[in-house]
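Q: I would like a close look at a single part of this protein. Please take the largest nonpolar core, and then show me what lies around it.

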Amino acid sequence: MAYRDLREFVQKLEREGELKRIRAEVDPILEITEVTQRVARDKGRLPGSVGPALLFEKPKGSRVPLLVNTFGSVRRMALAFEVNELDEVAARIQGFLRMETPQGLFDKIKMLPKLAELGSFFPKSVKTGACKEVKHHGEDVNLFDFPTLKC
């Protein structure tokens, strides 16, 4: 996995000039989608992109920031996979699909790096992590704490 978490990927997008922070409070009812559409239609955007990723730091009525247009360009998708071209990802997948049964010990040994890479793709369970910093249980759970876009 290229990044430990979404925070790390957001930092990468910002370093690469692929993210704009919206620090003003913006209403998720109609306003956020309007801002996103205007950015996507901007004539000055990069070719092959629908503008930068947008991080709304203060969606009105929510303490949770909102990230939109995260993968709105081929370049950002390549950054997510940590490759120069998306074709590299397709080639890796095809390599797994074409994998043949090893015939001897030498073929099995040559296959170990591919198997290790394949094993790294699966989700891992952890006991601690940033995703477990805030916990809500029972009556504390409220999905309306998250910004709900309306357009």
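A: What follows starts with the core and then moves outward.

The model is predicted, so local features need pLDDT of at least 70 and side-chain atom pairs count only at pLDDT 80 or more, while totals for chains, interfaces and linings use all residues. Residues are numbered from 1 along each chain as its sequence is written, and side-chain values use heavy atoms, with hydrogens and water left out.

First, the terms. A nonpolar core is a set of buried Ala, Val, Leu, Ile, Met, Phe, Trp, Tyr and Cys residues joined through side-chain atoms within 4.5 Å. Buried means under 20% relative accessible area, exposed means over 50%, and partly exposed is in between (1.4 Å probe, protein chains only). In soluble globular proteins, nonpolar side chains tend to be buried together.

The largest core here has 10 residues: Tyr3, Phe9, Val10, Leu13, Leu19, Ala53, Leu55, Leu67, Leu79 and Ala80. Helix 1 (6–15), strand 2 (53–59) and helix 3 (74–81) each give two or more of them. Helices (H or I, at least four residues) and strands (E, at least two) are DSSP runs, numbered from the N terminus. Helix 1 gives the most, with 3 residues.

Now take one core member, Leu55. Contact means heavy atoms within 4.5 Å. Leaving aside neighbours within four places in sequence, Leu55 is in contact with Val10, Leu19, Lys20, Arg21, Ile22, Pro65, Leu66 and Leu67. Ile22 and Leu66 belong to a second, separate core of 7 residues, which also includes Ile32 and Val68.

Next come two residues that contact members of the largest core. Glu16 sits in the loop between helix 1 and strand 1 (19–26). Its relative accessibility is 31%, so Glu16 counts as partly exposed. Leaving aside neighbours within four places in sequence, Glu16 is in contact with Arg75 and Leu79. Glu16 and Arg76 are 60 residues apart along the chain, yet their C-alpha atoms are separated by 9.3 Å.

Ala2 lies in the segment before helix 1. Ala2 is partly exposed, because its relative accessible area is 22%. Not counting residues up to four places away in sequence, Ala2 touches Glu8, Ala80 and Glu82. From Ala2 to Glu82 is 80 residues in sequence, but 6.2 Å in space, C-alpha to C-alpha.

Helix 1 and helix 3 have another role too. Along with strand 3 (66–68) and helix 4 (87–97), they each supply at least two residues of the lining of the largest pocket. A pocket is found on a 1 Å grid over the protein atoms alone: it is an open set of points where a 1.4 Å probe fits, with protein on both sides within 12 Å along at least five of seven lines, and lining residues have an atom within 4 Å of a point. The largest pocket has a volume of about 1700 Å³; a volume is the space filled by probe spheres set on the points, which are joined across faces, edges and corners. Of its 41 lining residues, the closest to the centre are Arg4, Asp5, Leu6, Arg7 and Cys131. The lining has 27 nonpolar, 5 polar and 9 charged residues. Here Ala, Val, Leu, Ile, Met, Phe, Trp, Tyr, Cys and Pro count as nonpolar, Asp, Glu, Lys and Arg as charged, and the others, Gly among them, as polar.
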